[in-house]
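Reader: I have the structure open in front of me and would like a close look at a single part. Please pick a place to start and walk me outward from there.

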Amino acid sequence: EPTKIIFACDESGAKGYADQNERYPGETGVFAGILVPEDFANEKLRHFQNLVAKFTLPSGKLHIADLPDDQKEAMRRDVYAAIRDSGLPSFWYAIHVAGFHHWHNDEKRLRDDALTATASPTVKRGSPRPDPGSLHEALFEGLYAHLIAFLEERHKTDVCIEIRSDQIDAPIIKDF
């Protein structure tokens, strides 16, 4: 029977599309997560649930951007300490918006150049449809690749991975 593991993850920062450049210098998207064997989930996640309770606003929401500045720093400090103290493997993947945008423009230019070079008056083509990549999807893909590599390196190939995250739109989940 496969080993069941929980991968609790969340994104922060930018998560737009490749045809958008950074809004400010150094804008970055990050996706991070921790790996929890299901057998230890109750024990290991209890401390994280206490942090959720500690920082949840009276409205019932918990998002670091909604907290006052002093609580933001306290939450960061407490979460980092909880991850470190948990002994659980943690992963992250980050992409600079400017680099993602530059890559998109290079790919688009190469496609356009290839279409121009092979253009023939006897061949009809539809209009090209731009498909800028999603930074959100690229971040998850990179994070998930780190997780799979970690498991492969430890010869843990018979696993069932449950992804836990905050609310993500259905079309994006489908593409994950």
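Author: Start at Ile5, whose bridge partner in β4 is Ile161. This pair belongs to a parallel connection, in which 6 bridges join β1 to β4. Strands here are DSSP runs of E, at least two residues long, while helices are runs of H or I of at least four, both numbered from the N terminus. Two strands count as paired if DSSP finds at least two bridges between them.

A word on what you are viewing: this is a predicted model, so local features need pLDDT of at least 70 and side-chain atom pairs count only at pLDDT 80 or more, whereas totals for chains, interfaces and linings use all residues. Residues are numbered from 1 along each chain as its sequence is written, and side-chain values use heavy atoms, with hydrogens and water left out.

Now turn to the other partner of β1. Strand β1, residues 3-13, pairs with β2, residues 28-37, in the antiparallel sense over 9 bridges. Along this pairing, Gly13 has Gly29 as its bridge partner, Glu11 stands opposite Phe31, and Cys9 is matched by Gly33. Moving on from β2, you reach β3: these two strands run antiparallel and are joined by 7 bridges. One place to look is Val30, whose bridge partner in β3 is Ala94.

Put together, the 4 strands form an open sheet in the order β3-β2-β1-β4, with mixed pairing. At its edges lie β3 (90-96) and β4 (159-164), each pairing on one side only. Neighbouring strands are turned by 20° against each other on average, direction ignored; axes are lines fitted to C-alpha atoms (for helices, over the stretch in contact), and angles run from 0 to 180 degrees between N-to-C directions.

Two helices pack on this sheet. Helix α1 (residues 41-55) touches β1, β2 and β4, and its direction makes about 140° with that of β2. Helix α4 (residues 135-153) touches β1, β2, β3 and β4, at about 145° to the direction of β3. Contact means heavy atoms within 4.5 Å.

Next, follow Cys9 to the largest pocket, which holds about 1,400 Å³ of space. Of its 30 lining residues, Cys9, Asp10, Ala32, Met75 and Val79 are closest to the centre. (A pocket is an open set of points on a 1 Å grid over the protein atoms alone, where a 1.4 Å probe fits, with protein on both sides within 12 Å along at least five of seven lines; lining residues have an atom within 4 Å of a point. Points join across faces, edges and corners, and the volume is that filled by probe spheres set on them.) β1, β2, α1, α2 (69-86) and β3 each give two or more residues to the lining, and β1 gives the most, with 6.

Finally, step back to the whole protein chain, which has 5 helices and 4 strands. Along the sequence, they follow the pattern β-β-α-α-β-α-α-β-α. The chain's radius of gyration is 21 Å, well over the 16 Å that the globule rule gives for 176 residues, so the chain is more spread out than a compact globule. That radius is taken over C-alpha atoms, and the rule is 2.2 Å times the number of residues to the power 0.38.
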